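Thanks for coming. I will go through one model today, covering its helix contacts, its sheets and one aromatic pair.

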Amino acid sequence: MAKKIKVLGLGAGDYDQLTIGTLKILQGTKEGYIRTKHHPLVSQLEAEGITFQSFDDSYEAFKTFEEVYEHISNVLIEKAEKEDVLYVVPGHPMVAEQTVQLLLQKGKEKEVEIEISGGQSFLDPLFTAVEIDPIEGFQLLDGTSLKKEEIQVTQHVIIAQVYDGFVASDVKLVLMEKLPDEYPVYIVRSAGSQNENIQKVHLYELDHHIREVDNLLTLYIPPVKDEEVLYKQFPTLRSIIATLRGPEGCPWDQKQTHESLRSYVLEEAYELIEAIDNGDDDHIVEELGDILLQVMLHAQIGEDEGMFTVDDVIEGISAKMVRRHPHVFGKKEANNVEDVLTNWEEIKKQEKQERESILDGIPQSMPSLLKAYHIQKKVSKVGFDWDDVSPMYDKVQEELEEFKQEVKKSTEVTEEMMEEFGDILTAIVNVARYYKIDPEVALAKSNAKFINRFNYIEERVKERGANFRDFSLEQLDEFWNEAKKKGL
């Protein structure tokens, strides 16, 4: 029983580019299958009596290229069960030919021999056409499934399978996330053939110049040389930080340690929170950048000391996110947020079994209000908590009375007064937690509100050409109430 598919490449375009071996195979065959007849050699070969059954109709019958390629490979494998099959593709069968990769895979499964033969790929004539040496570094990418994360803009980028205007439009949108709108790109048609044509266009107008179906079209994007264009690239940021910390860098950056940068981490985090509270997207971008700077500085210090690198940081958080999301990256189910949090805590518990106390994971340097919130949140998960809010209110009142008693005992601030006042705050945090209110965020909002209203009072005082001490507290309070009425 015949179980063989001979895959033959037609080369880049011209008849005289066919190898003698390829031509002999074609002349010895009266009929074969071809992925597409959109190739300049097909009409010449058919004139010599060699006919092809094409899969061009499949591109209309299916919605995606993946479905088309799957269909073609299935048909050919089925045909090979009955007879030897000749399958012809443009270029070289092993370069940018997904159907051939599927045939190799399915051939092993179905015990069908796949024989690859001939065909110059489009790469050699393309390198010649755009005058580049691939040793400098290049990428060959698929235009039908292009992802911005794959693109290395510092290398020569070659994008194949940009069949038509629709694919070109998708490619353009992806590239515009990495490159300026007016960046030069080259549309190369029929590279190495008599019909070779190279067109230089701006990126934003790429799809305006690609309308009709063209299987011999390739895009070439030259490497980026402008440093400012590279500012979006993570390696550029890493290089900048390394330079700042290097021998020829900045004296301030060179002197920094993990310890000296501690306060900056907190400061930048609070500034980000302020930007979020204000709904200021531009400010959020800026503050996220400042936080990223802190991460990069600490990572560079770790690298300088030979302890760890930013790659270790990224690897650690990537592994953690996959590990703690088995409902996304594994087979565990989570139908709602509560399921997700339950899974998360269970995985955290398994990861940190070596800890003696459930409170060990709370950072000692965390702000006290936030720390109280997380302490109570932790202990509530093991049942150390009230089921109802009523006793929480009672506890607030109880602690308030105890504080009042301590105040009566002394006109000076005592350790006992501080302790009792702390108990009031702890009790209030418990009420906040019951209602799922983050006390740190709530207090930050209250502070912001106070600042806005006090700024209003300052403006009113200035309008009168007076000083604060010229007004009574009652008068200042009237300005305060005005600010409240204005929604400040």
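Before the first helix pair, a term: a crossing of two helices is called right-handed if the near helix is turned clockwise from the far one by less than a right angle, and left-handed if it is turned anticlockwise. One caution as well: what you see is a predicted model.

Let me begin with helix H4, residues 65–80, and helix H5, residues 98–110. Their crossing is right-handed in the sense just given. The two axes come within 9 Å and cross at roughly 45°. H4 and H5 are therefore oblique to each other. On the H4 side, the residues in the contact are Tyr69, Glu70, Ile72, Ser73, Asn74, Leu76 and Ile77. They meet Gln98, Thr99, Leu102, Leu103, Lys106, Gly107 and Lys110 of H5. Sorted by class, this contact of H4 with H5 has six nonpolar, five polar and three charged residues.

Now to the sheets. In general, strands of a sheet pair through backbone hydrogen bonds, and they do so either parallel or antiparallel.

One sheet here is open, has five strands and shows parallel pairing, with the order S3-S2-S4-S1-S5. Which strands stand at its edges? They are strand S3, at 51–54, and strand S5, at 113–117, and each of these pairs on one side only. From neighbour to neighbour, the strands of this sheet are turned by 30° on average, direction ignored. For a single pairing, take strand S1, residues 4–9, and strand S4, residues 85–89: they pair in the parallel sense over five bridges. Within that pairing, Val7 has Tyr87 in S4 as its bridge partner.

Please keep Tyr87 in mind, as this residue also belongs to an aromatic pair. The structure holds 14 aromatic pairs. The one I picked is formed by Phe55 and Tyr87, and the arrangement is edge-to-face, with 6.5 Å centre to centre and 75° between the planes. Which parts of the chain does this pair tie together? Phe55 lies in the loop between S3 and helix H3 (58–61), while Tyr87 is in strand S4, so the pair links parts that are 32 residues apart in sequence.

There is another open sheet of five strands, with the order S6-S7-S10-S8-S9, and its pairing is mixed. Strand S6 (138–142) and strand S9 (197–202) are at the edges with a single partner strand each, so one side of each has no neighbour in the sheet. The twist in this sheet averages 25° from one strand to the next.

What does mixed look like strand by strand? S6 and strand S7, residues 156–160, pair in the parallel sense over five bridges. There, Leu140 has Ile158 in S7 as its bridge partner. Strand S8, residues 184–189, runs antiparallel to S9, and six bridges join them. In that pairing, the bridge partner of Arg189 is Asn197 in S9. S8 is also joined to strand S10, residues 217–221, by four bridges, and these two run antiparallel. Tyr186 has its bridge partner in S10, namely Tyr220.

Back to helices, with two more contacts. For helix H8, residues 234–245, and helix H11, residues 281–304, the packing angle is about 60° and the axes are 10 Å apart. H8 and H11 are therefore oblique to each other. H8 passes H11 in a right-handed crossing. H8 contributes Phe234, Leu237, Arg238, Ile241, Ala242 and Arg245. The H11 residues they meet are Leu292, Leu293, Met296, Leu297, Gln300, Ile301, Glu303 and Asp304. This contact of H8 with H11 divides into nine nonpolar, one polar and four charged residues.

The last contact is between helix H15, residues 368–380, and helix H17, residues 415–434. The axes of H15 and H17 come within 9 Å and cross at roughly 60°. H15 and H17 are therefore oblique to each other. Their crossing is right-handed. Leu369, Ala372, Tyr373, Gln376, Lys377 and Ser380 in H15 are in contact with Thr426, Val429, Asn430 and Arg433 in H17. By class, the contact of H15 with H17 has four nonpolar, four polar and two charged residues.

That is the end of my part.

Notes
Residues are numbered from 1 along each chain as its sequence is written. This is a predicted model: local features need pLDDT of at least 70, side-chain atom pairs count only at pLDDT 80 or more; totals for chains, interfaces and linings use all residues. Side-chain values use heavy atoms; hydrogens and water are left out. Axes are lines fitted to C-alpha atoms, for helices over the stretch in contact, and angles run from 0 to 180 degrees between N-to-C directions. Angles under 35 degrees count as roughly parallel, over 145 as roughly antiparallel, 65 to 115 as roughly perpendicular and the rest as oblique. Contact means heavy atoms within 4.5 Å. Ala, Val, Leu, Ile, Met, Phe, Trp, Tyr, Cys and Pro count as nonpolar, Asp, Glu, Lys and Arg as charged, and the others, Gly among them, as polar. Two strands pair if DSSP finds at least two bridges between them. Rings of Phe, Tyr and Trp (its six-membered ring) pair if their centres lie within 6.5 Å; planes under 30 degrees apart count as stacked, over 60 as edge-to-face and the rest as tilted.
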